[in-house]
Each structure stands twice: as structure tokens, then as C-alpha cells.
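Please open the structure in the viewer and display it as a cartoon, with side chains ready to be switched on. The tour proceeds by selection, one stop at a time.

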Amino acid sequence: VQLVESGGGLVQAGGSLRLSCASSGIIFSINTMAWYRQAPGKQRELVAAITSGGTTNYADSVKSRFTISRDNAKNTVYLQMNSLKPEDTAVYYCNAKLEFRGATVSDYWGQGTQVTVSS
């Protein structure tokens, strides 16, 4: 199983970035896909998630600025990040999770991509 993130980088406050996560080795369409982030000295936190049915949820801190989407034909999940703030600086991780009747069947992580927002 591989989850490969791309699209991170350095951007000025107010700018935009689009992260991508290409997956292989999983049945992408049935997994809930999510983006997490971890800033230095802080715990990893959920940024956004999208279920196999397309239902999305977002952290309050990114609502109206970030958009998660998925392309099942390309086995890829995206995170469009607009109006970036310095506090969005973190390593962003892609996650693929499959659950069945409340139990986690599989849970995979990418290696992370750095997003740095300068003020």
C-alpha cells in the first residue's frame, strides 16, 4: 500500500496550495480519505475527511478556506487550501481508512508533505 502526497511548499499568507494524495494497493473507492496535519510541538489533527459516499467534514479552523475532494477514477484525494495563514504551517498527511460495523479494517498513512505559510 502506498499513499504519496505532493503539492506542499512555501507560500505567502493569503495564498493557495493544492495537495494531492495518490494511492495504490487499496480499493480506493470504499475508503474514507482524510488529511491530517502536525505542526511542530503539537499533536496531529484532522483537517478534512471525505467518505466513500462523498460526505465531507472539516476542522473548524479551515472551514470555508479548504476543500477536500476525491477522484475515484484516479485513486487520488485532493486538498485545495485557500486564504492560507501562518498557523496552517505543518506537515500534512494523507490517511486512508476502511471501517466495517464500527471496527477499523485498515488504516494507512502517507509520508507527509510540508506546507509552510510565511507572514
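Begin by selecting Y92 and T113: Y92 stands opposite T113, which belongs to strand β11. Please bear in mind throughout that the model is a predicted one.

**The neighbours of β9**

Extend the selection to the strands around this pair. β9 and β11 run antiparallel and are joined by three bridges. Next, add β4, which pairs with β9 in the antiparallel sense over seven bridges. To find a point on this pairing, select A34, whose bridge partner in β9 is N95.

Now add strand β10, residues 103-109, which is antiparallel to β9 and pairs with it over six bridges. Within this pairing, E99 has T104 of β10 as its bridge partner. Follow the chain from β9 into β10: the two form a hairpin with two residues between them. Select R101 in that turn, where phi is positive, at about 50°.

**The nonpolar core**

Hide the cartoon and show side chains for W35, V77, L79, M81 and Y92. Among the 27 residues of the largest nonpolar core, these five touch the most other members. Two or more core residues come from each of β3 (17-24), β4 (32-38), β5 (45-50), β7 (66-71), β8, β9 (90-100) and β11 (113-118). The largest share, four residues, is given by β9. In soluble globular proteins, nonpolar side chains tend to be buried together.

Centre the view on V77. Leaving aside residues up to four places away in sequence, V77 touches L19, S20, C21, F28, M33, W35, I50, I68, S69, R70 and C94.

**T76, at the start of β8**

Move the selection to T76, in strand β8, which spans residues 76-81. Is T76 buried or exposed? T76 is buried because its relative accessible area is 8%, which is under the 20% limit. Beyond residues up to four places away in sequence, T76 touches S20, C21, A22, F28, S69, R70 and D71. Show the backbone of K74 as well: its oxygen lies 2.8 Å from a polar atom of the T76 side chain.

**The charged network**

Finally, turn to the charged side chains. How many salt bridges does a search of the whole structure find? The search finds four.

Select E45 and R37, whose side chains meet in a salt bridge at 2.7 Å, N to O. E45 is partly exposed, at 35% relative accessibility, whereas R37 is buried, at 7%.

Keep R37 and add D88. Their side chains also meet in a salt bridge, at 2.9 Å, N to O. Because D88 lies in the loop between β8 and β9 and R37 in strand β4, the pair ties together parts that are 51 residues apart in sequence. D88 counts as buried, with 1% relative accessibility.

Then add R65, which forms a salt bridge with D88, the closest N and O atoms being 2.8 Å apart. R65 lies in the loop between β6 (56-58) and β7, and D88 in the loop between β8 and β9, so this pair ties together parts that are 23 residues apart in sequence. R65 is buried, with a relative accessible area of 10%.

With these residues displayed, the last view is complete: R37, E45, R65 and D88 are joined into one network by salt bridges that share partners.

Definitions and conventions. Residues numbered from 1 in each chain as written. Predicted model: local features only at pLDDT ≥ 70, side-chain atom pairs only at ≥ 80, totals over all residues. Heavy atoms only, no water. Buried < 20%, exposed > 50% of the residue type's maximum accessible area, 1.4 Å probe, protein only. Polar contact = N/O pair within 3.5 Å; in protein donor to acceptor, adjacent residues only side chain to side chain. Contact = heavy atoms within 4.5 Å. Core = buried A, V, L, I, M, F, W, Y, C linked by side-chain atoms within 4.5 Å. Pairing = 2+ DSSP bridges.
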